[in-house]
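User: Could you take me through one part of this model in detail? I would like a close look at the charged side chains and what surrounds them.

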Amino acid sequence: MNTTNSFGNLSRNAITGPGFADVDFSLEKNTKITERLNLQLRADIFDIFNHPSFANPTAGAANASDTSTTFGQISATRFAVGDLGSSRQIQLAGKIIF
């Protein structure tokens with residue numbers, strides 16, 4: 001059987017990457033200044049436990065003759081620069097409501 005341009009016979013979801021853990025936390029305080037004027041203070045903490053979420057392993061083996069030395073290795077965290085999966089971030093806000 002010629003398998004040069006085929007996808008193989010591995011079942012769906014046979015290989016899975018590492019899990020993803022993310023816990024966000026938010027606090028909000030509303031303070032009445034006058035009868036019609038309110039001050040709202042808010043603190044948002046993203047990934048409060050600062051748990052690393054690793055990226056999927058490299059999948060560089062296109063065929064049996066591929067000799068990639070990084071095949072199956074995890075070399076990065078998931079979305080290292082974005083807000084999803086990055087390190088702990090704290091956001092503070094204040095708002096006057098009238």
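Analyst: Let's start with D44, which is buried, its relative accessible area being 9%. That value falls in the buried class because the cut-off for burial is under 20%. D44 forms a salt bridge with R42, and the closest N and O atoms of the two are 3.2 Å apart. Through shared partners, the salt bridges join E28, R42 and D44 into one network. Please keep in mind throughout that this is a predicted model.

R42 also meets E28: their side chains form a salt bridge with an N to O distance of 2.7 Å. Since R42 belongs to strand β2 and E28 to strand β1, this pair ties together parts that are 14 residues apart in sequence. With D44 bridged to R42 as well, the count for the model comes to two salt bridges.

How exposed are the other two members of the network? R42 is partly exposed, at a relative accessible area of 33%. E28 counts as partly exposed too, with 43% relative accessibility. Both values belong to that middle class because it runs between the 20% limit for buried and the 50% limit for exposed. D44, by contrast, is buried at 9%.

Now for the strands that frame this network. The protein chain has three strands and zero helices, and reading along the sequence gives the pattern β-β-β. Strand β1 covers residues 25-32 and has the highest mean pLDDT among the elements, at 96. Strand β2 spans residues 38-46. Strand β3, residues 89-97, has the lowest mean pLDDT among the elements, which is still 94. For the protein chain as a whole, pLDDT averages 79, and 74% of the residues score at least 70.

Moving on along the sequence, the loop between β2 and β3 has some details worth a look. D47 lies in this loop and has a positive phi of about 55 degrees, although D47 is not a glycine. D47 is also buried, with a relative accessible area of 6%. N50 has its place in the loop between β2 and β3 as well. Its phi is near 55 degrees, again a positive value in a residue other than glycine. N50, however, counts as partly exposed, at 37% relative accessibility.

A little further on is S53, also found in the loop between β2 and β3. S53 is buried, with a relative accessible area of 1%. What does S53 touch, leaving aside its neighbours within four places in sequence? Its contacts are F20, A21, T77 and R78.

To put these buried positions in context, 8% of the 98 residues of the protein chain count as buried; D44, D47 and S53 are among them. The protein chain exposes about 8,400 Å², of which carbon and sulfur atoms supply 57%. As for contacts between residues with a separation of 6 or more, 52% join residues that are 24 or more positions apart.

Back at the charged side chains, then, you can follow the network from E28 in strand β1 to R42 in strand β2, and from R42 on to D44.

Note on methods
Residues are numbered from 1 along each chain as its sequence is written. This is a predicted model: local features need pLDDT of at least 70, side-chain atom pairs count only at pLDDT 80 or more; totals for chains, interfaces and linings use all residues. Side-chain values use heavy atoms; hydrogens and water are left out. pLDDT is the predictor's confidence in each residue, from 0 to 100. Helices (H or I, at least four residues) and strands (E, at least two) are DSSP runs, numbered from the N terminus. Buried means under 20% relative accessible area, exposed over 50%, partly exposed in between (1.4 Å probe, protein chains only). Contact means heavy atoms within 4.5 Å. Accessible areas come from the Shrake-Rupley method with a 1.4 Å probe; for residues, only the protein chains shown count as cover. A salt bridge is a side-chain nitrogen of Lys or Arg within 4 Å of a carboxyl oxygen of Asp or Glu.
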